[in-house]
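Dear colleague,

Here is the structure I promised to pass on to you. Please open it beside this email, and then read through the notes that follow at your own pace.

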Amino acid sequence: MKNHVYQNGRLIQTNKKFSALKQKQKEWITNELRQRYISAINYPHVKLNPKKRDQILDDVYDLIVAKDTWIPFHEVKKHYFRKIPSFISSHRKMMEKQEGEETE
């Protein structure tokens, strides 16, 4: 029990990994991060500045806490920063597809 603490009457694992979440929870978190990141992008090929990027992370983590899903902040942050390149590339592909349809 060295990696567990009682918090609000619940036993919480302090060293929980993102991969330990249920698939539905992981997908929900990833979709929230993706939607918020893409909606904040002004230019399709440019990363967001650190201030906006961190604001998105904080907002989504607040939603995670509100849903009573417990995961350490650093695990969500690690997942988020690992996924940013795929968010940018999916946004780029979406923009190219829209441009292709407009020219037809």
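**A buried lysine and its surroundings**

Lys26 touches Phe18, Ser19 and Leu21, leaving aside residues up to four places away in sequence. Please keep in mind throughout that this is a predicted model. Lys26 belongs to helix H1, which covers residues 23-40, and this lysine is buried yet has no salt bridge. The nearest side chain of opposite charge is that of Glu27, which is 8.5 Å away, whereas a salt bridge would need a side-chain nitrogen of Lys or Arg within 4 Å of a carboxyl oxygen of Asp or Glu.

**The chain as a whole**

To place that residue in its setting, it helps to step back to the whole chain. The protein chain has 3 helices and 2 strands, and from the N terminus on its elements run in the order β-β-α-α-α. Of the 104 residues in the protein chain, 29% are buried. If you take the contacts between residues at least 6 apart in sequence, 57% of them join residues at least 24 apart. The accessible surface of the protein chain comes to about 7500 Å², and 50% of this surface belongs to carbon and sulfur atoms.

**Aromatic rings**

How many aromatic pairs does a search of the whole structure find? The search gives 4 aromatic pairs, and one of them is formed by Tyr61 and Phe73, which meet edge-to-face at 5.1 Å centre to centre, with 85 degrees between the planes. This pair links distant parts of the chain, since Tyr61 is in helix H2 (residues 50-66) and Phe73 is in helix H3 (residues 73-103), 12 residues apart. Tyr61 counts as buried because its relative accessibility is 16%, while Phe73, at 33% relative accessibility, counts as partly exposed.

Tyr80 and Phe81 also form an aromatic pair, in this case a tilted one, with 5.5 Å centre to centre and 45 degrees between the planes. Is Tyr80 buried or exposed? Its relative accessibility is 0%, so Tyr80 counts as buried, whereas Phe81, at 32% relative accessibility, counts as partly exposed. Tyr80 and Phe81 belong, together with Tyr37 and Phe87, to one aromatic cluster.

**A charge over a ring**

One further aromatic residue deserves a look when you turn the model, namely Trp28: Lys67 lies over the face of Trp28, at 4.1 Å from the ring centre.

With best wishes

Conventions:
Residues numbered from 1 in each chain as written. Predicted model: local features only at pLDDT ≥ 70, side-chain atom pairs only at ≥ 80, totals over all residues. Heavy atoms only, no water. Helix = DSSP H or I, 4+ residues; strand = E, 2+ residues; numbered from the N terminus. Buried < 20%, exposed > 50% of the residue type's maximum accessible area, 1.4 Å probe, protein only. Lys, Arg positive; Asp, Glu negative; His and termini not counted. Contact = heavy atoms within 4.5 Å. Phe/Tyr/Trp six-rings, centres within 6.5 Å; stacked < 30°, edge-to-face > 60°. Lys NZ or Arg CZ within 6 Å of the ring centre and 35° of its normal. Areas by Shrake-Rupley, 256 points an atom, 1.4 Å probe, with all protein chains shown as cover.
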